[in-house]
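Please open the model in your viewer and keep the selection panel at hand. The tour goes from one ligand to a sheet and then to the other ligand.

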Amino acid sequence: MLVMIKSGGAQAMPAWREAFANALPEADVRCWGDPGVPPEAVRYALVWEPERGALARFPNLRMVISTGAGLDHVLADAHYPHGVPLARMILPETRDGMAEFVAMGTLMLMRDMGTVARNQAARRWQTMPFTPLARRTRVGVMGLGALGLHAARYLAGMGFEVSGWSRSPKSIAGVASYHAMANLPVFLRRADILVNLLPQTADTVGLLNRQRLSMLPRGARLLNAGRAGHVVHEDLLALLDEGHLGGALLDVFEAEPLPPGSPLWTHPGVIVTPHCAATPSRADRAHRAAQLIRLAEAGAPVPDLYVPARGY
Ligand code: NAP
Ligand code: GLV
């Protein structure tokens, strides 16, 4: 069966081929844009940010698999071939990687490590007035799905006072749970550190604007590892400048790589990380893609599929 790959470009193909040779030896793995591939031969596509209209050119496509957990980069294609199942890439490595990144970022924000790093660059010795503690810090996690739920539990295990917000109600030991738009203000009002792990959908885009970010307690900090489209960056920078917010760690951006001229690079309240929160290895992702393809080939239910009625 023929698997087309668009992730990492031509230079990534040797690694993908080696990984698939182990995980799915029967697969004929081809690089996106290979002129020797007749479109009707393509059965599966493993993709990150496919060009608009590209997937619709494969008439016999059985499933599209995102190389990441998010599907927004595929669904941005108005010509996506409706009816072709679309699967998310969720591995234990994604969950653990994200939980560890969120733990690191939350501690960095709590302890103002952005300022410490800038002070070091300037050879400036500036002690902190007191040591903040996890058990005195309230963290709110937006999105309690595969990644948010794991991160929320991880933070609770570290001693943080954790709450979460999702679309549907949840009952999670050690995590105060809120759901629906009506309860967003009360959730935001009790977050000293807000962690965003929502998927980007029509309902969540632009959610973290001036009005909502202003609901956070004065001095609150934001960790965004969801999508850039959730946060209105001009509003974020204004609230940092006004002192309402105390800092932000941003992992995802509208344009990636973040352009050199972006004010986010140099703002003293912002830590920039290069979309590195949770990317499992190609070997792990090929292994997961192989599992999903085998299930699809067997006509068995495939997990982690896009649900159009929810938008994620
Ligand atoms: P998921 O399993 O689909 O979970 C999504 C969560 O968001 C669910 O709890 C869902 O509520 C909630 N939600 C969705 N729409 C909502 C709304 N309108 N109001 C309130 N809650 C809403 O997604 P995931 O696997 O955890 O991944 C989340 C996102 O993380 C991805 O879409 C991607 O953008 C991002 N991500 C980033 C990186 C990185 O490296 N920075 C890596 C992987 C993923 P219900 O529980 O009620 O359904
Ligand atoms: C990364 O952003 C992903 O969606 O996995």
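Select Tyr-312 together with ligand 1: in this predicted model, an N or O atom in the side chain of Tyr-312 lies 2.5 Å from an oxygen atom of the ligand, a polar contact in the sense of a pair of N or O atoms within 3.5 Å. Add Lys-170, whose side chain places an N or O atom 2.6 Å from an oxygen atom of ligand 1, and then Leu-147, where a backbone N or O atom is 2.8 Å from an oxygen atom of ligand 1. On its own ligand 1 has 930 Å² of accessible area, of which the protein covers 93%; such areas come from the Shrake-Rupley method with a 1.4 Å probe.

Two sentences on conventions belong here. Residues are numbered from 1 along each chain as its sequence is written, while chains are lettered from A and ligands numbered from 1 in the order in which they are written. Local features need pLDDT of at least 70 and side-chain atom pairs count only at pLDDT 80 or more, totals for chains, interfaces and linings use all residues, and side-chain values use heavy atoms, with hydrogens and water left out.

Now widen the selection to the shell around ligand 1, which has 30 residues, each with a heavy atom within 4 Å of the ligand. By class they are 15 nonpolar, 9 polar and 6 charged, where Asp, Glu, Lys and Arg count as charged, and Gly is among the polar ones. Helix 5 (146-157) and strand 7 (161-166) each supply at least two of these residues, and helix 5 gives the most, with 3; helices (H or I, at least four residues) and strands (E, at least two) are DSSP runs numbered from the N terminus. At least three shell residues come from each of domain 1 (2-91 + 280-298) and domain 2 (93-272), with bounds from an automatic or database domain assignment.

Strand 7 also leads into an open sheet of 7 strands, ordered 8-7-6-9-10-11-12 with parallel pairing, which requires at least two DSSP bridges between two strands. Strand 8 (175-179) and strand 12 (270-272) are the edges. Strands 10 (residues 220-224) and 11 (residues 245-250) pair over 5 bridges, and Arg-221 stands opposite Gly-247 in strand 11.

Finally, select ligand 2, which has Trp-48, Gly-68, Ala-69, Gly-70, Arg-227 and His-275 around it. An oxygen atom of ligand 2 is 2.5 Å from an N or O atom in the side chain of His-275, and polar backbone atoms of Ala-69 and Gly-70 lie 2.6 Å and 2.7 Å, respectively, from an oxygen atom of ligand 2. The protein buries 83% of the 190 Å² that ligand 2 exposes when taken alone.

Notes:
Polar contact = N/O pair within 3.5 Å; in protein donor to acceptor, adjacent residues only side chain to side chain.
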